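Please open the model in a viewer and keep the sequence panel at hand. The tour proceeds by selection, with a short account at each stop.

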Amino acid sequence: QSDMGGGESKLSTARLNYAFRLFFRQISKLFSPFVMVLDDCQWSDPVSLDLFDNILTDRENISGLLLLCLYRSLEVHEEGALITPNENNNEGDGCTETSQ
């Protein structure tokens with residue numbers, strides 16, 4: 001079956017978001033406050049960033065949850081656009097900016 005219009009992809013993303021919300025609700029109940037540190041967030045894709053946002057804005061998670069996202073400021077543009085690796089980049093740094 002072919003996916004017409006991306007409906008299956010949206011459903012999969014919604015299920016993933018829901019599963020992570022439930023997971024973090026339980027973890028933060030057991031280990032409160034719960035601190036999670038994510039390094040190299042400059043490499044995060046838009047789906048991952050949406051997932052982080054979804055977890056942090058979950059109003060039903062009333063337990064203590066702190067998500068620290070670390071990134072290299074030299075690899076994030078002034079507009080906030082992240083940079084992704086690209087071996088064919090002419091600048092020699094192996095990175096290009098993402099479109100958001």
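The stops below begin with the whole chain and then turn to individual residues.

**The whole chain**

Display the chain as a cartoon, bearing in mind that this is a predicted model. The secondary structure consists of 2 helices and 4 strands, and their order along the sequence is α-β-α-β-β-β. Of the 100 residues in the chain, 24% count as buried. Switch to a surface representation: the chain exposes about 7,600 Å², and carbon and sulfur atoms supply 53% of that area. Among contacts with a separation of 6 or more, 59% are between residues 24 or more positions apart.

**The phenylalanine cluster**

Select Phe20, Phe23, Phe24 and Phe34 and show their side chains; ring pairs link these four residues into a cluster. A pair of aromatic rings is described by the distance of the centres and the angle of the planes. How many aromatic pairs are there? The count comes to 3. One of them joins phenylalanine 23 and phenylalanine 24 in an edge-to-face arrangement, with 5.2 Å from centre to centre and 80 degrees between the planes. The two partners differ in their surroundings: phenylalanine 23 is partly exposed because its relative accessible area is 45%, whereas phenylalanine 24 has a relative accessible area of 5% and is therefore buried.

Keep phenylalanine 24 selected and turn to phenylalanine 34. These two rings form a tilted pair, 6.3 Å from centre to centre with 55 degrees between the planes. The pair links distant parts of the chain, since phenylalanine 24 belongs to helix α1 and phenylalanine 34 to strand β1, 10 residues apart. Both phenylalanine 24 and phenylalanine 34 are buried.

**Serine 28 and arginine 25 on helix α1**

Next, select serine 28, which is also found in helix α1. Is serine 28 buried or exposed? Its relative accessible area is 0%, so serine 28 is buried. Show the surrounding residues: beyond its neighbours within four places in sequence, serine 28 is in contact with Phe34, Asn61, Ser63, Gly64 and Leu65. With asparagine 61 there is also a side-chain to side-chain polar contact of 3.1 Å.

Move along the helix to arginine 25, which lies in α1 (residues 7–30). Arginine 25 counts as buried because its relative accessibility is 13%, and the cut-off for that class is under 20%. Which residues does arginine 25 contact, leaving aside neighbours within four places in sequence? They are Asp58, Glu60 and Asn61. With aspartate 58, the side chain of arginine 25 makes a polar contact of 2.7 Å to the side chain of its partner. Asn61 thus appears in the contacts of arginine 25 and in those of serine 28.

**The loop between α1 and β1**

Select serine 32 and proline 33 and inspect the backbone. A cis peptide bond joins these two residues, with omega at about 0 degrees. Proline 33 is located in the loop that runs between α1 and β1.

**Aspartate 40 and arginine 72**

Now select aspartate 40, in the loop between β1 and α2 (46–56). Although aspartate 40 is not a glycine, it has a positive phi of about 60 degrees. Its relative accessibility is 29%, so aspartate 40 counts as partly exposed.

Add arginine 72 to the selection; it lies in the loop between β2 and β3 (83–85). Arginine 72 is partly exposed because its relative accessible area is 45%. Not counting residues up to four places away in sequence, arginine 72 touches Asp40 and Gln42. Draw a C-alpha to C-alpha distance from arginine 72 to tryptophan 43: the two are 29 residues apart in sequence and 9.6 Å apart in space.

**The nonpolar surface patch**

For the last stop, return to the surface view and colour Val35, Val37, Leu66, Leu68 and Leu70. Together these residues make a nonpolar surface patch of about 410 Å². Which strands each supply at least two residues of the patch? They are β1 (34–38) and β2 (65–69). Finish on leucine 68, which is found in strand β2. With a relative accessible area of 36%, leucine 68 is classed as partly exposed; that value satisfies the patch criterion, because residues need over 30% to be included.

Definitions and conventions
Residues numbered from 1 in each chain as written. Predicted model: local features only at pLDDT ≥ 70, side-chain atom pairs only at ≥ 80, totals over all residues. Heavy atoms only, no water. Patch = residues over 30% accessible without salt bridge, like charges linked within 9 Å, V, L, I, M, F, W, Y side chains within 5 Å. Areas by Shrake-Rupley, 256 points an atom, 1.4 Å probe, with all protein chains shown as cover. Salt bridge = Lys/Arg side-chain N within 4 Å of Asp/Glu carboxyl O. Buried < 20%, exposed > 50% of the residue type's maximum accessible area, 1.4 Å probe, protein only. Polar contact = N/O pair within 3.5 Å; in protein donor to acceptor, adjacent residues only side chain to side chain. Contact = heavy atoms within 4.5 Å. Phe/Tyr/Trp six-rings, centres within 6.5 Å; stacked < 30°, edge-to-face > 60°.
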